[in-house]
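Visitor: I am new to this structure and would love a close look at one part of it. Could you take me through it slowly?

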Amino acid sequence: MTSASHSRRQLTDAPLLEAAAGRTPSRTPVWFMRQAGRSLPEYRRVREGIAMLDSCLLPELVAEITMQPVRRHDVDAAILFSDIVVPLKVAGVDVDIVAGRGPVVQQPIRSRADVDKLPILDAEVTEVAAAIGAILGELTDTQALIGFAGAPFTLASYLVEGGPSKNHEVTKAMMHADPQAWHALMARLVPTITSFLRTQIDAGIDALQLFDSWVGFLSERDYREFVLPYSTEIMAQVADVPRIHFGVGTGELLGAMSEAGSEVMGVDWRVPLDSAAARIAQRSGAKALQGNLDPAVLFAGNAVVEREVARIKEEAARAIAAGTATGHIFNLGHGVLPHTDPQAITDAVSIIHS
């Protein structure tokens, strides 16, 4: 642990950290994935004319975008504005985010020789550290700052496919036909992801989330063999702060994913929270839960949001009462959709807090 780690804020009344630790928060904590940007007009204004990956490495801009939803919506946490391919970019991978498509890798990895040439990030990302310093100066003692990184399977899929994929067929083909190359790729991604998270921890983040966006495409058997050891290794190296683990479409994987070592498990909208809690507790003991309002519900009006929020809170309360969960952080079951009305987000936060 570096000396910077010792300057971490000591927050005694931040609802998100209280819930993550299994204590009783002053109110139900809420933050939303993809709250920084996308749906906000002020985000579109400050980002205008600036490429996505460039914007993730401009400290003043990162701080401004990170804080916009906190100021507007009264959420209990800021999530660092970044992108899961930023550590690849700063390590030296030729990757860009193409509008309407997503991350595109110029030279996809298809062989063991390609794996061996993949650059590794082994230095502090000073731009990100500077942004975190600025954000912490604006947050109150009740508002946590969450850092994040993409998990190795999701980054590996972008690298192997060359971009977003509907079926991950090239990724799965390498996994099964050339497992040696696959394991070498995952092992090579671990230090890059860990280094990026260490930059954030040493700069003072209060919690972190490991996003495994695409891992829901795997069976539990394949997840355990080809992914879990690497996510576990990353979690072990970033235990300084509460850790959240999240993937989309991971209902069948929740138990296995919980074994990676996080304090909090994110749950998408497909599985009721109390059912998710039972699956997690059976494998790794009770943990705090995060989730899990369907992002599309924010288009349905406040009466529907009120009904769904009440249902989700009841499911969480049942799990806590049953001893299968230790706490609840409210969130969506994935990210804010781009055309969401910002007022609907603000109203949802108010409903959740009430």
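Visitor: In which helix is S195 found? Please start there and then show me the part around it.

Guide: Happy to. Please keep in mind that this is a predicted model. S195 is found in helix α10, and it is a buried residue, with a relative accessible area of 14%. Leaving aside its neighbours within four places in sequence, S195 is in contact with L121, D122 and A123.

From here we can move to a partner of this helix. Helix α10 covers residues 179-203, and it packs with α8 at an angle of about 115°, the two axes being 9 Å apart. An angle and a distance are what one uses to describe two packed helices. The crossing of α8 and α10 is right-handed. On the α8 side, the residues that meet α10 are P152, F153, L155, A156, L159 and V160, and on the α10 side they are W182, L185, M186, L189 and I193. Sorted by class, this contact has 11 nonpolar residues, with no polar and no charged ones.

Now let us stay with α8 itself. Helix α8 is made up of residues 152-161. Because 10 of its 10 residues are buried, α8 is largely enclosed by the rest of the structure. The buried residues include T154, S157 and E161, along with F153 and L155, which also take part in the meeting with α10. Just after the helix comes G162, with a positive phi of about 90°.

One residue of α8 deserves a stop of its own: Y158. Its relative accessible area is 7%, so Y158 is buried, as the limit for that is under 20%. Not counting neighbours within four places in sequence, Y158 is in contact with I84, V85, P103, V105, G163, P164 and W214.

Walking on along the chain, we reach the loop between α8 and α9, where H168 is found. Phi of H168 is near 60°, which is a positive value in a residue other than glycine. H168 counts as buried, at 0% relative accessibility.

Next comes helix α9, residues 169-177, and T171 has its place there. T171 also counts as buried, at 0% relative accessibility. Leaving aside neighbours within four places in sequence, T171 is in contact with F153, S157, V160, E161 and W182. Of these contacts, F153 and V160 are α8 residues that meet α10, and W182 is one of the α10 residues that meet α8. For a sense of distance, the C-alpha atoms of T171 and V75 are separated by 37 Å, and the two residues are 96 apart along the chain.

V75 leads us to another residue, since Q35 is in contact with it. Q35 sits in the loop between α1 (15-20) and α2 (41-47), and at 2% relative accessibility it counts as buried. Besides V75, the contacts of Q35 beyond four places in sequence include L40, P69, A77, A78, I79 and V336. R34 lies in the loop between α1 and α2 as well. R34 is partly exposed, with a relative accessible area of 38%, and its phi is near 60°, a positive value in a residue other than glycine.

What does the record add to this picture? In an unreviewed entry, UniProt lists R34, Q35, A36, G37, R38, D83, Y158, S213 and H334 under "binding site". These residues span 301 residues in sequence, and the farthest two C-alpha atoms are 23.1 Å apart, so they do not all gather at one spot. Of the listed residues, R34, Q35, A36, R38, D83, Y158, S213 and H334 are included in the lining of the largest pocket.

The unreviewed UniProt entry also lists residues 29-38 and 146-162 for "domain: Uroporphyrinogen decarboxylase (URO-D)". Residues 29-38 are 0% helix and 0% strand, with their end C-alpha atoms 22 Å apart. Residues 146-162 are 59% helix and 29% strand, and their end C-alpha atoms lie 28 Å apart.

One last detail is in strand β8, residues 287-293, where N292 lies. The peptide bond from G291 to N292 is cis, with omega near -5°.

Terms used:
Residues are numbered from 1 along each chain as its sequence is written. This is a predicted model: local features need pLDDT of at least 70, side-chain atom pairs count only at pLDDT 80 or more; totals for chains, interfaces and linings use all residues. Side-chain values use heavy atoms; hydrogens and water are left out. UniProt positions are given in the numbering used here, feature names are shortened, and annotations may be inferred rather than shown by experiment. On a 1 Å grid over the protein atoms alone, a cavity is a set of points where a 1.4 Å probe fits but cannot get out, and a pocket is an open set with protein on both sides within 12 Å along at least five of seven lines; lining residues have an atom within 4 Å of a point. Helices (H or I, at least four residues) and strands (E, at least two) are DSSP runs, numbered from the N terminus. Buried means under 20% relative accessible area, exposed over 50%, partly exposed in between (1.4 Å probe, protein chains only). Contact means heavy atoms within 4.5 Å. Axes are lines fitted to C-alpha atoms, for helices over the stretch in contact, and angles run from 0 to 180 degrees between N-to-C directions. A crossing is left-handed if the near helix is turned anticlockwise from the far one by less than a right angle, and right-handed if clockwise. Ala, Val, Leu, Ile, Met, Phe, Trp, Tyr, Cys and Pro count as nonpolar, Asp, Glu, Lys and Arg as charged, and the others, Gly among them, as polar.
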